[in-house]
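User: I would like a close look at a single part of this model, namely the pocket that a grid search ranks as the largest. Please set that part in the context of the whole chain before going into detail.

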Amino acid sequence: KRRGGELQKIAALKAMFFRHPGVRNVVAAEGPGAEQHRAVLLRPDSALSALPEAARQLVESGAAEFVTHRLELGYDKVSAEDVLRRLLPEGVEVPRGFETVGHLAHFNLREPQLPYRKLIGQVILDKNPSLKTVVTKVGALTNEFRTFDMEVIAGRDDTDVTVSERGLKLRFNFRQVYWNSRLSEERVRLLGMVEPGDVVCDLFAGV
């Protein structure tokens, strides 16, 4: 703290700055007489001995202090991954990702994660305002249409989605048809082969 402006100019120190979405790394200093000083927040694992020489000289001369600062992050400042890492029991892996289909998030949760599916779904809704429904696949693909059973684990039970893709709006029921976002290029390729007035019948299209 104290000569925070000088600390911020030390290029080698910038790599040690605390960085978190929505959180400033230069804040009001704490303690008696601190109202005239600013504190530069460093990563929690930072040590005085690891500071760049220029920063250590400021500390040793008394122009700056190396102190502990308590920072409390609210739920709104913590990512979904961090929240789940804290809430899920040890040994239960945080889901690596999900597919977004319109307003719906689609998970393929593993067996150890299923008892916590409602928690996972609610955290995802909290952290992604554009999502309204979270589902997870139940069982395996068992029919020729490649659709699957699913459970709504958070949000409203609404699987009628609208997906925007390459300037087109596709509307379908995610429960009733096969959808794969990775086939986007194939859909564009086929669209380029169709002329006005053509009638197309694709028995294996899904969407």
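Analyst: The model is a predicted one, and its protein chain contains six helices and eight strands. Followed along the sequence, these elements come in the order α-α-β-β-α-α-β-β-α-β-β-β-β-α.

The overall dimensions come before the pocket. The radius of gyration of the protein chain is 26 Å, whereas a compact globule of 207 residues would have a value near 17 Å. The C-alpha trace spans about 80 × 45 × 25 Å along the principal axes of the chain. Of the 207 residues, 34% are buried, and the accessible surface comes to about 13,800 Å², with 51% of that area belonging to carbon and sulfur atoms. Among the contacts with a separation of 6 or more, 55% are made by residues 24 or more positions apart.

Turning to the part you asked about, the largest pocket has a volume of about 900 Å³. Its lining is made up of 33 residues, and those closest to the centre of the pocket are Leu 42, Arg 43, Pro 44, His 69 and Leu 71. The elements that contribute two or more residues to this lining are strand S2 (38–40), helix H3 (53–60) and helix H4 (80–87), and the largest share, four residues, is given by H4. In terms of residue class, the lining of the largest pocket consists of 20 nonpolar, five polar and eight charged residues.

His 69, one of the residues closest to the pocket centre, can be followed outward through its contact with Val 27. Val 27 belongs to strand S1 (residues 26–28), and, with residues up to four places away in sequence set aside, Val 27 touches Arg 38, Ala 39, Leu 41 and His 69. The separation between Val 27 and Leu 41 is 14 residues in sequence, while their C-alpha atoms are 7.6 Å apart in space.

H4, which gives the pocket lining its largest share, leads in another direction, to helix H5 (residues 117–127). The buried residues of H5 include Ile 120, Gly 121, Val 123, Ile 124 and Leu 125, and what covers the buried residues of this helix includes H4, strand S4 (104–107), strand S5 (133–138) and strand S6 (149–155). In general, an α-helix has 3.6 residues a turn, so residues three or four places apart point the same way.

Tyr 116 is placed in the loop between S4 and H5. With neighbours within four places in sequence left aside, Tyr 116 is in contact with Leu 88, Pro 89 and Val 92. For the pair Tyr 116 and Pro 89, the distance is 27 residues along the sequence and 9.4 Å in space from C-alpha to C-alpha. Tyr 116 counts as partly exposed because its relative accessibility is 30%, a value that falls between the 20% limit for buried residues and the 50% limit for exposed ones.

S5, one of the elements covering the buried residues of H5, is also where Lys 137 is found. Lys 137 is likewise partly exposed, with a relative accessibility of 28%. Beyond the residues up to four places away in sequence, Lys 137 touches His 106, Phe 107, Asn 108, Phe 148, Asp 149 and Met 150. Lys 137 and Glu 151 lie 14 residues apart in sequence, and their C-alpha atoms are 6.6 Å apart.

Phe 148 and Met 150, both touched by Lys 137, also appear in the lining of the largest cavity, together with Arg 146, Thr 147, Phe 174, Arg 175, Val 177, Tyr 178 and Trp 179. The search of the whole structure finds one cavity of 30 Å³ or more, and the volume of the largest cavity is about 60 Å³. By class, six of its lining residues are nonpolar, one is polar and two are charged.

Gln 176 sits in the loop between strand S8 (168–173) and helix H6 (184–191). Gln 176 counts as exposed because its relative accessible area is 61%, and its C-alpha atom is separated by 18 Å from that of Cys 201, a residue 25 places away along the chain.

Methods. Residues numbered from 1 in each chain as written. Predicted model: local features only at pLDDT ≥ 70, side-chain atom pairs only at ≥ 80, totals over all residues. Heavy atoms only, no water. 1 Å grid on protein atoms, 1.4 Å probe; cavity = no way out; pocket = protein on both sides within 12 Å on 5 of 7 lines; lining within 4 Å. Points joined across faces, edges and corners; volume = space filled by probe spheres on them. Nonpolar A, V, L, I, M, F, W, Y, C, P; charged D, E, K, R; others polar. Rg over C-alpha atoms; globule rule 2.2 N^0.38 Å. Buried < 20%, exposed > 50% of the residue type's maximum accessible area, 1.4 Å probe, protein only. Contact = heavy atoms within 4.5 Å. Areas by Shrake-Rupley, 256 points an atom, 1.4 Å probe, with all protein chains shown as cover.
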